[in-house]
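Before reading on, please take a moment with the sequence and the model that follow. The paragraphs after them move from the paired strands to the crossovers, and then to a cavity, the cysteines and the backbone.

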Amino acid sequence: MTTAPLIFCAVDTPDLDRALSLARVVSTVTGGVKLGLEFFNAQGPQGVKTVREACPDAPLFLDLKYHDIPNTVAQAVRAAVRLEPTFLNVHAGGGYDMMKAAQDAARDEAAAFGVEPPQMLAVTILTSLDERTLEEVGQGKNLRDQVVRLARLAQKAGLAGVVCSSHEISVLRQECGPDFVLMVPGIRPAGSSADDQKRIMTPAEAIGAGASHLVIGRPITQAANPGEAAKAILASIAP
């Protein structure tokens, strides 16, 4: 199981200057930076390159959650590979063929471009969803079974791991083995607001359950001192 960096800080802002300021501060503490749709839609690939240049040693999780027909996703992955993310993700709900196309495209484009291929991850069920909302969209009532089903499908397609809720860490570690990457958002330090997350856990609880990496955003980025907030979270999970 990969263990470094333990935390990817979610730099979720459309503002480039704000993103650069946060990334420079937190990357020296947490090690990893996550850029998602809010930033990417505002700043595009050039914005990602600018952040990477400012933090060249920080692994990047490019959280774009592709979900489309296999060929479209494959072409999108090919374009994203040139940004040299450490992790890149798709929605597992797109199915085996889509995930396999994404994995193959990442490998082939990285070889052609002469860079390390990203570790491909599949989003199982968003941490903002619960069993009621899952039933509303016609995916049944048993959220845990659905997460396991999607994780196994991602593993079959050759992906490195999944993005999952902390509540599914233990079962996925058991079902998918010790080397399967579990990237876990919805992490909230004790006493923090849950915001729009429904399936949450503290950093120490998630690491204890077997998470590979934690994604933590607002408890760090909205703190008065993001660097100190990140240090406090790391201290809370120190062995």
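**Strands, crossovers and what lies between them**

In this predicted model, a good place to begin is G36, which stands opposite D63 in strand 3. That pair of residues belongs to a longer contact, since strand 2, residues 31-36, and strand 3 pair in the parallel sense over 4 bridges. Between these two strands the chain passes through helix 2, residues 37-54, and the β-α-β crossover from strand 2 to strand 3 made in this way is right-handed.

Strand 3 itself covers residues 60-66, and 6 of its 7 residues are buried, so the strand is largely enclosed by the rest of the structure. Strand 3 is also joined to strand 4, by 3 bridges, and these two strands run parallel. Within this pairing, L62 stands opposite L88 in strand 4. To get from strand 3 to strand 4 the chain goes through helix 3, residues 70-81, in a β-α-β crossover that is right-handed.

Following the chain onward, strand 4, residues 87-91, pairs with strand 5 in the parallel sense over 5 bridges. Here L88 appears again, and its bridge partner in strand 5 is M120. Helix 4, residues 96-113, completes a right-handed β-α-β unit together with strand 4 and strand 5. Strand 5, which spans residues 119-123, has 4 of its 5 residues buried, so it is largely enclosed by the rest of the structure. Strand 5 also pairs with strand 6, residues 161-163, in the parallel sense over 3 bridges, and in that pairing the bridge partner of A122 in strand 6 is V162.

From the strands we can turn to the enclosed space. How many cavities of 30 Å³ or more are there? The count comes to 1 cavity of that size, and the largest cavity holds about 40 Å³ of space. Its lining is made up of V33, V51, R52, C55, A58 and L60, and these lining residues divide into 5 nonpolar, no polar and 1 charged.

One residue of that lining, C55, leads to the cysteines. A disulfide is a covalent bond between the sulfur atoms of two cysteines. How many disulfides does a search of the whole structure find? The search finds 0. For C55, the reason is distance, because its sulfur is 11 Å from the closest cysteine sulfur, that of C9, which is too far for a bond. C164 is likewise in no disulfide, and the nearest cysteine sulfur, in C176, lies 9.2 Å away. As for their surroundings, C55 is buried, with a relative accessible area of 7%, and C164 is buried too, with a relative accessible area of 1%.

Last, the backbone deserves a look at two places. Most residues other than glycine have a negative phi. K65, however, has a positive phi of about 50° although it is not a glycine. This residue is found in strand 3, and at 25% relative accessibility K65 counts as partly exposed. E84 also has a positive phi, of about 60°, and is not a glycine either. Where is E84 found? E84 sits in the loop between helix 3 and strand 4, and at 39% relative accessibility it counts as partly exposed.

Definitions and conventions
Residues numbered from 1 in each chain as written. Predicted model: local features only at pLDDT ≥ 70, side-chain atom pairs only at ≥ 80, totals over all residues. Heavy atoms only, no water. Disulfide = S-S within 2.5 Å. Buried < 20%, exposed > 50% of the residue type's maximum accessible area, 1.4 Å probe, protein only. Pairing = 2+ DSSP bridges. Right-handed = clockwise from strand over helix to strand, strands pointing away. 1 Å grid on protein atoms, 1.4 Å probe; cavity = no way out; pocket = protein on both sides within 12 Å on 5 of 7 lines; lining within 4 Å. Points joined across faces, edges and corners; volume = space filled by probe spheres on them. Nonpolar A, V, L, I, M, F, W, Y, C, P; charged D, E, K, R; others polar.
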